[in-house]
Amino acid sequence: MPSVMIAFVALAIALRLGSLAISMRNEKRLKQQGAVEYCARTSAILALTHITFYLAAITEGFWRAAPLSGVSVLGMALYGLAMCALVWVIVVLGRFWTVKVIVARDHALVTNRFFNLIRHPNYFLNILPELIGFALALQACVTLLVVLPVCLFVLFLRIRQEQKVMRDRFPEY
């Protein structure tokens, strides 16, 4: 596997660990202030599928000794756009952003135009293109065909649960 792809994997893992650190910091602070977590089991399953996807794609990419190709570059570009979307969502949601469904006592509904247009930008502009881009970068076709559908099932379950929590908490949602 070319060194640029190894560097890509290392960077991807570092970015995900960095976002997890932000989430954990925000979660701790929110819970100390009385926030309530919902859908904990689904959050745990979603995290497990995300990790499984990464490990499967990395294993497949290394096993295939995937060369750097146009598909790899396209995947890396898609992944980069997904990470930009993640940063944007973290900035917009600020201290309320976590990888879990947590509602603070003073939680404010984000009603900017973009969040109204795309209800769940973290899922549709970050997670989906992130996973697809990561697999394409490593040319992990089996991972895309086998593991991605499982991730999508869990993700859509999470979206439905989160929408219910948001509708219950925010009637204007």
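These legends go with close-up views of the empty spaces in a predicted model.

**View 1. A closed-off space inside the protein.** Rolling a probe the size of a water molecule over the atoms shows where empty space is left. Here the count comes to 1 cavity of 30 Å³ or more. Its volume is about 40 Å³.

**View 2. Who lines the largest cavity?** Look for Leu-46, Thr-49 and His-50, then Ile-127, Leu-128 and Leu-131, and finally Cys-151, Leu-152 and Leu-155. The elements giving two or more residues to this lining are α2 (40-64), α5 (121-137) and α6 (141-169). Sort the lining residues of the largest cavity by class and you get 7 nonpolar, 2 polar and no charged.

**View 3. The largest pocket and its centre.** This pocket has a volume of about 1,000 Å³. A set of 43 residues lines the pocket, and the closest to its centre are Trp-97, Thr-98, Val-99, Lys-100 and Asn-122.

**View 4. Which elements build the wall of the largest pocket?** Quite a list of elements give two or more residues each: the helices α1 (3-32), α2, α3 (70-93), α4 (113-117), α5 and α6, plus the strand β2 (101-103). The largest share, 9 residues, comes from α2.

**View 5. What kinds of residue line the largest pocket?** By class, the tally is 28 nonpolar, 9 polar and 6 charged residues. Flip back to the largest cavity, and you'll find no charged residues in its lining.

Conventions
Residues are numbered from 1 along each chain as its sequence is written. This is a predicted model: local features need pLDDT of at least 70, side-chain atom pairs count only at pLDDT 80 or more; totals for chains, interfaces and linings use all residues. Side-chain values use heavy atoms; hydrogens and water are left out. On a 1 Å grid over the protein atoms alone, a cavity is a set of points where a 1.4 Å probe fits but cannot get out, and a pocket is an open set with protein on both sides within 12 Å along at least five of seven lines; lining residues have an atom within 4 Å of a point. Grid points are joined across faces, edges and corners, and a volume is the space filled by probe spheres set on the points. Helices (H or I, at least four residues) and strands (E, at least two) are DSSP runs, numbered from the N terminus. Ala, Val, Leu, Ile, Met, Phe, Trp, Tyr, Cys and Pro count as nonpolar, Asp, Glu, Lys and Arg as charged, and the others, Gly among them, as polar.
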